[in-house]
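New to this one? Let's take a quick walk through it, one region at a time.

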Amino acid sequence: MTHQDEHDSGEGHDSHDERQPRLRRRAQGELESQVLAALHTARGPVSAAWVQERIGGDLAYTTVMTILTRLLAKDAVTRERAGRSFAWTPASDEAGLAAFRMRKVLDGESNREAVLASFVTTLTPDDEELLRGLLGQAGAEADD
């Protein structure tokens with residue numbers, strides 16, 4: 001019996017499962033990016049409930065709080081007391097958010113050197129020159 005025959009006959013499958021939409025589990029990095037993106041759309045400090053509403057879907061309030069707390073530990077967000085809870089703000093601008101996402105991708109790879117080498121080879125000459133200048137500037141600041 002082929003896989004298609006099994007599918008057609010219903011063997012090996014629970015027909016109830018096929019009718020239920022399967023919720024895709026989001027990775028921690030993806031959730032962090034979504035939370036940060038939501039915070040960047042705010043006009044000021046916002047509650048965790050506000051973030052939860054903007055992200056939507058099936059995300060529990062406790063999950064949003066966990067992600068915000070993790071982001072706080074990574075210095076990606078700040079918080080201030082607002083009554084009995086907190087109001088949250090991104091710690092950096094859009095460029096900082098993009099840099100955070102790039103670091104998350106790099107952190108998820110086992111061979112950082114290969115990833116960085118591959119990235120550098122895809123840069124335009126102008127971007128390569130800009131990166132060299134930024135690295136030289138960072139190196140000079142580190143020497144001070």
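What follows is a short tour of a predicted model, from its core to a hairpin.

## The nonpolar core

A good place to begin is the inside. The largest nonpolar core has 21 residues. Within that core, V35, L36, L39, V51, L68 and L71 are the residues with the most contacts.

Four elements each give two or more residues to this core: helix 3 (28–41), helix 4 (48–55), helix 5 (61–73) and helix 6 (94–107). Helix 3 supplies the largest share, with five residues.

## Helix 4 and its inner face

Now zoom in on helix 4. Which of its residues are buried? They are A48, W50, V51 and I55. Looking down the axis of helix 4, you'd find these buried residues within an arc of 155°, so they line one face of the helix. There's a general rule to keep in mind here: an α-helix has 3.6 residues a turn, so residues three or four places apart point the same way.

V51 deserves a second look, as it is both one of the buried residues of helix 4 and one of those with the most contacts inside the core. What does V51 touch, once its neighbours within four places in sequence are left aside? The list is V35, A38, L39, V46 and V64. Two of these names, V35 and L39, also turn up among the core residues with the most contacts.

Right after helix 4 comes G56, which has a positive phi, near 70°.

## The hairpin

Next up are the strands. Strand 1 (residues 77–82) pairs with strand 2 (residues 85–90) in the antiparallel sense, and six bridges join the two. If you'd like to trace the pairing yourself, try E80, whose bridge partner in strand 2 is A87. Another one to look for is A82, with S85 as its bridge partner in strand 2.

Two residues lie between the strands of this hairpin. There, G83 takes a positive phi near 70°.

## Around the ring of F86

One last stop: F86. Which charged end sits over its ring, 3.9 Å from the centre? That's R79. The charged end of R81 sits over the ring of F86 too, 4.4 Å from its centre.

As for aromatic pairs, searching the whole structure turns up one.

Definitions and conventions: Residues are numbered from 1 along each chain as its sequence is written. This is a predicted model: local features need pLDDT of at least 70, side-chain atom pairs count only at pLDDT 80 or more; totals for chains, interfaces and linings use all residues. Side-chain values use heavy atoms; hydrogens and water are left out. Two strands pair if DSSP finds at least two bridges between them. Rings of Phe, Tyr and Trp (its six-membered ring) pair if their centres lie within 6.5 Å; planes under 30 degrees apart count as stacked, over 60 as edge-to-face and the rest as tilted. A charge sits over a ring if NZ of Lys or CZ of Arg is within 6 Å of the ring centre and within 35 degrees of the ring normal. A nonpolar core is a set of buried Ala, Val, Leu, Ile, Met, Phe, Trp, Tyr and Cys residues joined through side-chain atoms within 4.5 Å. Buried means under 20% relative accessible area, exposed over 50%, partly exposed in between (1.4 Å probe, protein chains only). Contact means heavy atoms within 4.5 Å. The arc is that of the directions from the helix axis to the C-beta atoms.
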